[in-house]
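Subject: Handover of a structure

Dear colleague,

Please find below the structure that I am handing over to you. I would be grateful if you kept it open while reading the notes that come after it.

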Amino acid sequence: MSKADNKPREEVRQDLSLARPSDTTDDRFSHERGLRKFDVKVFVRLFSWTRPYRLKRNLLILAVILRSIQIPALAWAIGAVINGAIAAGNMAGVLWGAAGFGLLALITQVTMHFRQRYALELGEWVAYDLRNAIFEHLMKMPLSWYQRTRLGSIISRITSDLEALRMGAQNVIFVSLVQFGQMIGSGILMAYYNFVLFLIIAGMAPIIFLINRYFSRRIGESSRLLQASFSRVTATVAESVKGIQVTQGFAREERNADLFRELIKDHSGYNMGLARNVALYLPILELNSQFFIAMIVIVGGYGVLNPEWNMAVGDLVTFFFLSNLFFSPIPSLGRQFTTALSAVAGAERIFRLLDTKPEFSDPEDAIELPPIKGRVSFQNLGFSYDGKTPVLDNIDFEVEPGQTMALVGHTGSGKSTLINLISKFYPAGSGKIEIDGYDISRIRSDSLRSQIGLVAQHNFLFSGTIIDNIRLGKPDASVEEVHQAVRALDFEDLIDSLPKGYQTIVGERGTGISLGQRQLICFARAMLADPRILILDEATASVDTVTEARLQKALAALTQNRTSFIVAHRLSTIRNADKVIVLDQGKIIESGSHNELLKANGQYASLYRQLVEEA
């Protein structure tokens, strides 16, 4: 395949969910790695995942060795019968030889059974462990990584890449070892029967080496580019489905379909390029084998006809059997080699994901946060997403336990960033945040978040029942506890009005229920969790005015005796706050109670008047 065939098409433009192949760091890495040759270290690392199953693996290796010996032994047994009992006209010897051959063949098939069974089991176990390792690793990655990494790229790691790796673990390693062993055993016996003919066979070794060296680069590059392309296709499909409302809302179905067609055209091109290389590689190997067999016929026939060679016909027949065993694995090894390259390409991408360290993590000496009262202190806090542009600058204030703090400001002022830092979704760039005197950078994240309740504007509901989604805040909660949390928010009648009540199935991303009902479920989730610190990020923005009126009393109960941070534009929520912080371009420009800030007639008063007019 030409270099032009391997180059991603630049015509595929970014349009909604359809992105250029080079848009993400992950795709650029895949393309750059695609130019590398077969990496033995990656294969060795893959093999290391069999260590937990070393007993089964070692039995498998034993079965591989036995089968490698048994297959040439079958050809040797036939030659022994021909040169012995048949040449001597001993029918009894022929029968005994046939019986021995049958017994050896039976043992060989038993060995094959265990070789295949153990290989399949071992490959599945390795895939199982890797899937778990990938998922556990994904759960540790910070939000910033997910914001840079495309969903389809993540999905392809645990699907297509892992499937290619599983095939490599199940088939390539051990099948190839059997076939290599078969070739070595056949070669030793051929050298024993006729060393001159064996030298003819050995003469093909450098030719095969050069063929493999040439095609390994081409097939390896094609395999990696193909898998990188599949990752882009998966990402595009995932994002297009996720954004289908936008696509249909702007009548972009045909346009996006055209762009996806171009992306698939690229992917098909990579597939065809790989197919062309494989289709050329395997026939060349087989033709090379047939050429050497023809040479054996000429030289071997001359040896039988020439008395000086003293070569028996039985030896020539046996040599042909052995040469067939020697040459027959070569095309299969060629196919295994292409599978191995795909497995290595998938393993490279998987191991790269596993080797990606979180941008930040808890220090090794991080402590468990004890039950807290909820005093939160911000001390000269600064933060920047890119390390250049400040998002928060010199944030310095304190919230007492049980207080409700409202955060207001124009879009981009840093409100959501501030609450993300409280939850430790990002590390503080400078300064620190203390909770009850504990620096949160020295606290285990899970113990911190277990005492924080978060309700966002666009909360996520998992597929399942309503009661299961509410229990996310407290998985071991009883049915009565769930009911009490909902009754405290005074919307149990809304759930009872659903077809199956609490057992109503919520579709993917909350489909099947209204936006307001979704938000109420998230409120119940937070109520059930009973956190000491409550964060409401535009939590009532999706609730209609009538429903919000019902929620105000419940919210008062929810925030009572809890330290609460509320990002809101609703007047009722802001008025009831103990303190209001006004942010602008990442800085605190005003703070005080609602009435104090109105009297100051500053920016808060201006924002408040705008809200009154909008209401």
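The notes below cover the basis of the model, two helices and two sheets.

This is a predicted model, in which local features need pLDDT of at least 70 and side-chain atom pairs count only at pLDDT 80 or more, while totals for chains, interfaces and linings use all residues. Residues are numbered from 1 along each chain as its sequence is written, and side-chain values use heavy atoms, with hydrogens and water left out.

Helices (DSSP runs of H or I, at least four residues) and strands (runs of E, at least two) are numbered from the N terminus. Two strands are taken to pair if DSSP finds at least two bridges between them. Axes are lines fitted to C-alpha atoms, for helices over the stretch in contact, and angles run from 0 to 180 degrees between N-to-C directions.

Helix 7 covers residues 151–193. Its 43 residues should span 63 Å at 1.5 Å a residue (the expected span is 1.5 Å times one less than the number of residues), and this agrees with its end C-alpha atoms being 61 Å apart. Helix 7 bends by about 40 degrees at Arg157, the bend being the angle between axes fitted to the seven residues ending there and the seven starting there. The axes of helix 7 and helix 13 (residues 329–355) come within 7 Å and cross at roughly 145 degrees. The residues of this contact comprise 16 nonpolar, eleven polar and three charged; Ala, Val, Leu, Ile, Met, Phe, Trp, Tyr, Cys and Pro count as nonpolar, Asp, Glu, Lys and Arg as charged, and the others, Gly among them, as polar.

One open sheet has six strands in the order 6-9-10-3-11-12, with mixed pairing. Strand 6 (452–456) and strand 12 (587–592) are its edge strands, each pairing on one side only. From one strand to the next, the twist averages 15 degrees. Strand 3 (residues 404–408) and strand 11 (residues 579–584) run parallel and are joined by four bridges; Ala406 has Val580 as its bridge partner in strand 11. Strand 11 and strand 12 run antiparallel, with five bridges, and here the partner of Val580 is Gly592.

The other open sheet described here is antiparallel, with four strands in the order 2-1-4-5. Strand 2 (392–399) and strand 5 (438–439) each have a single partner strand, so one side of each is left without a neighbour in the sheet. Five bridges link strand 1 (residues 376–383) with strand 4 (residues 430–435), and Phe378 is partnered by Ile433.

With kind regards
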